[in-house]
Amino acid sequence: MIFSSLIFLYLFLPICLVAYFIFKPIKIKNAVLIVFSLAFYAWDEPVRIVFLILSAVVNYFVGIGIGAFKKEKYKKLCLIGGLIYNIGMIGFFKYRGFIITNINSIFSADIPVPEIVQMAGISFYTFQVISYIVDCYWGKVEPQKNFFKLLLYVCLFPQLIAGPIVRYQTIAAEIDSRKTSLEDLSRGLTRFVVGLSKKVILADQLYRIVEDFLGGSINSLTVSGAWYGVILYSLYIYFDFSGYSDIAIGLGRIFGFHFNENFDHPYLCKDITEFWQRWHISLGSFFRDYLLPITFFGKRNKYLSLFLVWLCTGIWHGANWNYIIWGLYYGMFILLETLIGKKKINKIPLVIRHIYSKLVIIIGFGIFYFEDIGKLGTFLKALTPFNANGWGGEFELSSLCGNIFLIAAAIICTFPIMKAFGKLSEKNGTAKAVISMSGTVLCMGMLLLSSILLVDATTNAFLYWRF
Amino acid sequence: MKNKNTEKTEKKTPRGFLIFNIAAILAVFAGIAVFINTAPRPTVSEEEQRELAKCPRFTVESYFSGEFTEKFSEYYNDAVPMRSVWKLIISEFRDNLGIKSDDGVDFIGPLPEIEK
């Protein structure tokens with residue numbers, strides 16, 4: 001089940017909300033959330049929940065083991081066992097096809113790829129449980145002794161399929177005791193509607209144009225067509241990912257959980273290091289906190305550690321070579337910026353820094369889009385004057401004019417307009433009332449429009465669904 | 001325990017506005033939910049000249065194979081009450097995402113290659 005579907009919005013969610021708010025005891029509220037989360041995950045392929053519950057069971061005992069053993073050696077053994085299990089599960093469910101296909105092509109072998117259940121969101125919930133067992137080992141959190149509380153952390157449906165990657169310590173106290181205040185409910189509902197609108201009104205409509213240019217055969221793509229398509233794809237991907245995060249954060253808040261922010265207007269960045277501090281924050285911080293401190297290559301070799309982090313960032317996004325290239329591509333720019341130094345970068349005129357960062361990001365999303373390496377090569381060539389199809393212009397201009405309001409709205413929404421309105425309303429009481437009321441009316445309209453657009457939604461799956 | 005980031009950036013909103021905001025959004029939510037779950041569902045689309053998806057019969061086997069949920073999702077999304085009205089609104093919405101050319105013909109995307 002996906003969030004941007006009528007069945008989730010108007011059948012699953014209302015029943016879940018009624019069942020959740022009808023009971024007062026936290027134990028029953030937690031039980032309701034577990035039942036609905038498992039039903040949510042089992043919707044497309046019921047067998048999935050077996051592996052999800054298994055993951056919770058294994059990591060529960062790993063946590064208990066780490067807490068129970070006094071000797072460091074045994075604690076470490078528990079942690080290593082847990083890590084092998086978790087990484088093994090991701091490897092098996094997500095990368096088996098990629099690994100076997102590459103083995104087949106290198107050794108001219110014919111090993112069949114086993115057809116097994118698709119474990120949607122495995123990268124997200126597995127990273128969550130990895131953070132849990134590592135934090136238990138480091139003594140940052142107490143191992144959870146109640147299995148159902150850990151199961152709730154693992155399977156909580158708002159962030160189960162597509163994040164953000166929520167740390168156990170972020171919601172540990174809220175699993176035990178939480179209350180949805182009026183502020184939580186109001187902000188949660190608003191955030192939910194904003195996320196849904198980003199996804200349905202902006203991302204899905206932008207993707208229709210992207211597919212016209214980058215989908216199918218790209219041999220006739222002109223220079224302007226290639227740039228136009230990939231710029232729109234960069235906008236699409238932002239609204240798709242951040243829209244999903246907004247829905248997750250909003251839903252979490254409705255249930256009384258306070259997740260961390262996952263996107264912070266990434267296109268406002270002035271360099272690539274800053275971009276990754278604003279883009280998919282929960283993933284970046286996961287690698288920063290759990291992978292970077294591990295000195296695989298000795299303390300001196302920080303560059304190899306950096307390489308490993310960006311290799312993993314790439315692989316995490318998908319089982320294909322283009323994602324690995326994408327990760328290393330970013331690693332290269334981060335390394336370059338590290339070598340130059342923040343002070344020297346800050347001396348570069350702001351306009352040039354903005355142009356540089358946007359160019360790197362946009363070309364990067366071109367790499368992200370094309371899973372077929374041959375097509376990726378054709379596309380990268382199409383971006384340059386070496387493109388045999390010329391500069392183009394007529395079709396791109398026609399498409400631009402035909403979608404100008406959508407594109408303008410998308411560009412405006414990459415800026416922190418909510419914050420700007422918030423600041424404006426601080427100074428004047430009347431302005432505050434007008435802005436607040438207008439915001440509510442706008443939310444009502446966006447919810448209505450999103451729901452209508454979902455009637456026609458055929459290919460609206462979130463990108464992160466396959467993670 | 002509240003998230004520090006959330007605490008830092010948020011300012012208290014007057015209670016009256018919170019209630020108004022919750023009531024307004026929930027009213028739209030509830031209205032659509034009641035409509036979509038209780039209004040009669042069409043079986044045929046005259047504009048598309050096709051039969052709409054039918055509600056599948058539940059069996060244990062069809063549930064565990066994922067067939068039931070897949071077909072039910074299809075039915076829920078396809079046979080929406082007043083479907084033709086919503087489709088018309090969607091079409092209008094997409095037509096107004098930008099400025100139309102004078103001749104009423106729009107080229108979207110590169111033209112397909114013609115094999116010689």
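Reader: What area do chain A and chain B bury between them, and what makes that a description of an interface?

Author: Chain A and chain B bury about 5600 Å² between them, and 65% of it lies on carbon and sulfur atoms. One thing up front: this is a predicted model. As for the second half of your question, the size of an interface is often given as the accessible area lost when the parts come together. The figure for chain A and chain B is summed over both sides, so the 5600 Å² should not be read as belonging to one chain.

Reader: How many residues take part on each side, and how do you know that they touch?

Author: There are 65 residues from chain A and 52 from chain B in the contact. The test is distance: a residue counts because it has heavy atoms within 4.5 Å of the partner. On the chain A side, Tyr10(A), Phe395(A) and Val455(A) lose the most area to chain B, together 11% of what that side buries.

Reader: How many salt bridges does the rule find across the interface of chain A and chain B, and how many polar contacts?

Author: For salt bridges the count is 0. In other words, the rule finds no Lys or Arg side-chain nitrogen within 4 Å of a carboxyl oxygen of Asp or Glu across that interface. Polar contacts go by another test, N or O atoms within 3.5 Å with a possible donor and acceptor. By that test 11 residue pairs qualify, both residues of each pair being at pLDDT 80 or more.

Reader: Which helices of chain A supply residues to the side that touches chain B?

Author: At least two residues each come from α1, α8, α9 (182-214), α18 (394-402), α19 (404-412) and α21 (429-455) of chain A. The largest share, 15 residues, is from α9(A).

Reader: Gln205(A) is in helix α9 of chain A. Why is Gln205(A) called buried or exposed?

Author: The relative accessible area of Gln205(A) is 4%, and the cut-off for buried is under 20%, so Gln205(A) is called buried. Apart from residues up to four places away in sequence, Gln205(A) touches Val200(A), Leu406(A) and Leu453(A), plus Phe93(B) and Arg94(B) from chain B.

Reader: And Ile99(A), why does that one get its label?

Author: Ile99(A) has a relative accessible area of 43%. Buried needs under 20% and exposed needs over 50%, so Ile99(A) ends up as partly exposed. You'll find Ile99(A) in helix α4 of chain A. For a sense of distance, its C-alpha is 35 Å from that of Phe386(A), 287 residues apart along the chain.

Reader: What are the domains of chain A, and how many residues does each give to their contact?

Author: The domain assignment gives domain 1 (6-178) and domain 2 (183-466). Their contact takes 43 residues from domain 1 of chain A and 37 residues from domain 2 of chain A. Taken over C-alpha atoms, the centres of these two domains are 26 Å apart. The area buried between domain 1 and domain 2 of chain A is about 3500 Å², with 72% from carbon and sulfur atoms. Phe98(A), Pro164(A) and Arg167(A) lose the most area on the domain 1 side, together 16% of what that side buries.

Reader: What makes the pair Arg167(A) and Asp289(A) a salt bridge?

Author: The closest N and O atoms of Arg167(A) and Asp289(A) are 2.9 Å apart. The limit is 4 Å, so the pair passes. Between domain 1 and domain 2 of chain A the count is 1 salt bridge, and the rule also finds 12 residue pairs in polar contact there. On the domain 1 side, α1 (6-22), α4 (72-107), α5 (122-138), α7 (157-160) and α8 (168-176) of chain A each supply at least two residues. The largest share, 9 residues, comes from α1(A).

Reader: How do you know that the span of α5(A) is close to what is expected?

Author: With 17 residues, α5(A) reaches 24 Å from its first C-alpha to its last, and 24 Å is also what 1.5 Å a residue predicts. Mostly covered is a fair label too: 16 of its 17 residues are buried. After α5(A) comes Gly139(A), with a positive phi near 80 degrees.

Reader: What about chain B, which elements does it have?

Author: From the N terminus on, they run α-α-β-β-α-α-α, which is 5 helices and 2 strands. Buried residues make up 36% of the 116 residues in chain B.

Methods:
Residues numbered from 1 in each chain as written. Chains lettered and ligands numbered in written order. Predicted model: local features only at pLDDT ≥ 70, side-chain atom pairs only at ≥ 80, totals over all residues. Heavy atoms only, no water. Domains from an automatic or database assignment. Buried area = accessible area lost by both parts, 1.4 Å probe. Polar contact = N/O pair within 3.5 Å; in protein donor to acceptor, adjacent residues only side chain to side chain. Helix = DSSP H or I, 4+ residues; strand = E, 2+ residues; numbered from the N terminus. Buried < 20%, exposed > 50% of the residue type's maximum accessible area, 1.4 Å probe, protein only. Expected span 1.5 Å × (residues − 1).
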